[in-house]
Amino acid sequence: MNTRLVAGGAVAAAVIYFALAVFFLPQPYSLTLVPPRPAPVITSVTLSNDTIALGGEFSIRVSAANRGDPADLQLVSIAFPNATSTAIVTVNDHNFKQTPLPINRGDPIAASYTGIQNIEAGYPAIEAQSRPWEPGEAFNIDLSIKPEGEGRFVIFVKAVGLPHNGDQAHYPAGGILDQQNEYVDVYEVTVTKP
């Protein structure tokens, strides 16, 4: 049997199937073209202390879930706008599918939820992600942090799901904007004199 004839027949069958699916059965076909709508949510943030003495450390546990469609990638970001480096942070435990990444000043990061615009990080963060992240799956991360100075130590927490195709794809839905022009929840610990 001629292999060109067999290959040509397979291509013709695929073209016919595609034409039928698009022109004669558009509803079932169009349903497959709708992108998933992940809905990340931070389910809890727990700080071990709200006040510590300089030289001490505190811990933070962040838990997140996906309450929407499957996410190609969903991430949790924990940022430290008045820190100078992730050297003050230790990842104690996590159950994310990928290893949490440290982001330091000057590192390139995506901005404005699109992933298209890149900026240089102005302050450090830890980003934990799972690829993919299925509906109902929950992940958490535990960090220890040893602040470098006295005063308010601020923490920004957010979650973003990809594809980012609506307000449901980020958490929180409003509030303060961070360096990436994305919404965050704000937590703080007071650092006192030793």
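Strands, numbered from the N terminus, are DSSP runs of at least two residues, and a pocket is an open set of grid points whose lining residues have an atom within 4 Å of a point. In the predicted model examined here, the largest share of the lining of the largest pocket, three residues, is supplied by strand E11.

The protein as a whole contains two helices and 14 strands. Of its 194 residues, 36% count as buried, and the protein exposes about 10400 Å², of which carbon and sulfur atoms supply 58%. Among contacts between residues at least 6 apart in sequence, 75% join residues that are at least 24 apart.

The largest pocket encloses about 210 Å³ of space. Two or more lining residues are given to this pocket by strand E7 (108-111) and by strand E11 (151-162). The lining consists of Leu75, Ile109, Ala110, Tyr113, Thr114, Gly115, Glu127, Lys158, Val160, Leu162, Gln180 and Glu182, and these residues divide into six nonpolar, three polar and three charged.

Rolling a probe the size of a water molecule over the atoms shows where empty space is left. One cavity of 30 Å³ or more was found in the model, and the largest cavity has a volume of about 30 Å³. Its lining is formed by Ser77, Ala79, Ile103, Ile109, Ala125, Glu127, Gln179 and Gln180, with at least two residues supplied by each of strand E4 (73-79) and strand E9 (125-130). By residue class, the lining of the largest cavity comprises four nonpolar residues, three polar residues and one charged residue. Ile109, Glu127 and Gln180, listed here for the cavity, are also among the residues that line the largest pocket.

Gln180 further provides a link to Asp178, whose side chain reaches the backbone nitrogen of Gln180 at 2.9 Å. Asp178 is placed in the loop between strand E13 (176-177) and strand E14 (183-192). Because its relative accessible area is 11%, under the 20% limit that defines a buried residue, Asp178 is classed as buried. When neighbours within four places in sequence are left aside, Asp178 is in contact with Tyr123, Phe156, Lys158 and Val184. One of these contact partners, Lys158, also belongs to the lining of the largest pocket, as does Gln180, the residue whose backbone nitrogen is reached by the side chain of Asp178.

Conventions
Residues are numbered from 1 along each chain as its sequence is written. This is a predicted model: local features need pLDDT of at least 70, side-chain atom pairs count only at pLDDT 80 or more; totals for chains, interfaces and linings use all residues. Side-chain values use heavy atoms; hydrogens and water are left out. Helices (H or I, at least four residues) and strands (E, at least two) are DSSP runs, numbered from the N terminus. Buried means under 20% relative accessible area, exposed over 50%, partly exposed in between (1.4 Å probe, protein chains only). A polar contact is a pair of N or O atoms within 3.5 Å; within protein, one must be able to donate a hydrogen and the other to accept it, and residues adjacent in sequence count only if both atoms are side-chain atoms. Contact means heavy atoms within 4.5 Å. On a 1 Å grid over the protein atoms alone, a cavity is a set of points where a 1.4 Å probe fits but cannot get out, and a pocket is an open set with protein on both sides within 12 Å along at least five of seven lines; lining residues have an atom within 4 Å of a point. Grid points are joined across faces, edges and corners, and a volume is the space filled by probe spheres set on the points. Ala, Val, Leu, Ile, Met, Phe, Trp, Tyr, Cys and Pro count as nonpolar, Asp, Glu, Lys and Arg as charged, and the others, Gly among them, as polar. Accessible areas come from the Shrake-Rupley method with a 1.4 Å probe; for residues, only the protein chains shown count as cover.
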